[in-house]
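Open the model in your viewer and keep the sequence beside it. The tour below goes from one selection to the next and says what is found at each stop.

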Amino acid sequence: MMVSSIFLLACNVDTKEMGRGKVELKRIENPTNRQVTFSKRRNGLLKKSFELSILCDAEVALLIFSSSGKVYQFASHE
């Protein structure tokens with residue numbers, strides 16, 4: 001019993017050290033990096049919106065306006 005408790009404690013310590021660090025929130029100066037980040041995060045937001053609408057039976061609407069003037073949208077429906 002004691003051995004398994006120690007093992008679980010060791011596993012918890014390791015998982016706390018894993019993961020990504022905090023992202024500094026400031027404008028990305030490099031236009032290519034900014035566009036790549038925008039595309040990835042836009043797709044992530046659209047996916048999360050879809051998941052929220054399905055999992056929680058919620059009606060969700062999302063509008064994203066890019067700096068180039070393009071509009072991206074998601075709307076759930078019953």
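Start with the largest pocket, which holds about 490 Å³ of space. This is a predicted model, and the pocket is a convenient place to enter it. Select Ile-28, Arg-34, Gln-35, Thr-37 and Phe-38: of the 18 residues that line the largest pocket, these lie nearest its centre. Colour the lining by class, and six nonpolar, five polar and seven charged residues appear. Which element gives the largest share of this lining? That element is α2, with six residues.

Now zoom out to the whole chain. The protein has two helices and two strands, and from the N terminus on they run α-α-β-β. Of its 78 residues, 12% count as buried. Among contacts with a separation of 6 or more, 19% are made by residues 24 or more positions apart.

**Helix α2**

Select residues 31-55, the 25 residues of helix α2. From the first C-alpha to the last, the helix reaches 36 Å, close to the 36 Å expected at 1.5 Å a residue. At the start of α2, show the side chain of Asn-30: one of its oxygens comes to within 2.9 Å of the backbone nitrogen of Thr-32.

Next, pick out Arg-42, Ser-49 and Ser-53, which are buried in α2. An α-helix has 3.6 residues a turn, so residues three or four places apart point the same way. What do the buried residues of α2 pack against? Their partners are β1 (61-65) and β2 (71-75).

**After the helix: Asp-57**

Move past the end of α2 to Asp-57, in the loop between α2 and β1. The phi of Asp-57 is near 50°, a positive value in a residue other than glycine. Most residues other than glycine have a negative phi. Is Asp-57 buried or exposed? Asp-57 counts as exposed because its relative accessible area is 71%, and the cut-off for exposed is over 50%.

**Between the strands: Ser-68**

Go on to the loop between β1 and β2 and select Ser-68. Ser-68 has a relative accessible area of 59%, and is therefore exposed. Show its side chain together with that of Ser-66: the two side chains make a polar contact at 2.9 Å.

**After β2: Ser-76**

The last stop is Ser-76, in the segment after β2. Ser-76 has a relative accessible area of 19% and so counts as buried, the cut-off being under 20%.

Display the backbone around this serine. Which backbone atoms lie by the polar side-chain atoms of Ser-76? One is the backbone oxygen of Ala-58, at 3.4 Å from a polar atom of that side chain. Another is the backbone nitrogen of Val-60, at 2.6 Å from a polar atom of the side chain of Ser-76.

Finally, list the contacts of Ser-76, leaving aside its neighbours within four places in sequence: they are Ser-53, Ala-58, Glu-59 and Val-60. Ser-53 was met earlier as one of the buried residues of α2, and the contact with Ser-76 leads back to that helix residue. Keep Ser-53 and Ser-76 selected together to see this contact in the viewer.

Note on methods:
Residues numbered from 1 in each chain as written. Predicted model: local features only at pLDDT ≥ 70, side-chain atom pairs only at ≥ 80, totals over all residues. Heavy atoms only, no water. Helix = DSSP H or I, 4+ residues; strand = E, 2+ residues; numbered from the N terminus. Expected span 1.5 Å × (residues − 1). Buried < 20%, exposed > 50% of the residue type's maximum accessible area, 1.4 Å probe, protein only. Contact = heavy atoms within 4.5 Å. Polar contact = N/O pair within 3.5 Å; in protein donor to acceptor, adjacent residues only side chain to side chain. 1 Å grid on protein atoms, 1.4 Å probe; cavity = no way out; pocket = protein on both sides within 12 Å on 5 of 7 lines; lining within 4 Å. Points joined across faces, edges and corners; volume = space filled by probe spheres on them. Nonpolar A, V, L, I, M, F, W, Y, C, P; charged D, E, K, R; others polar.
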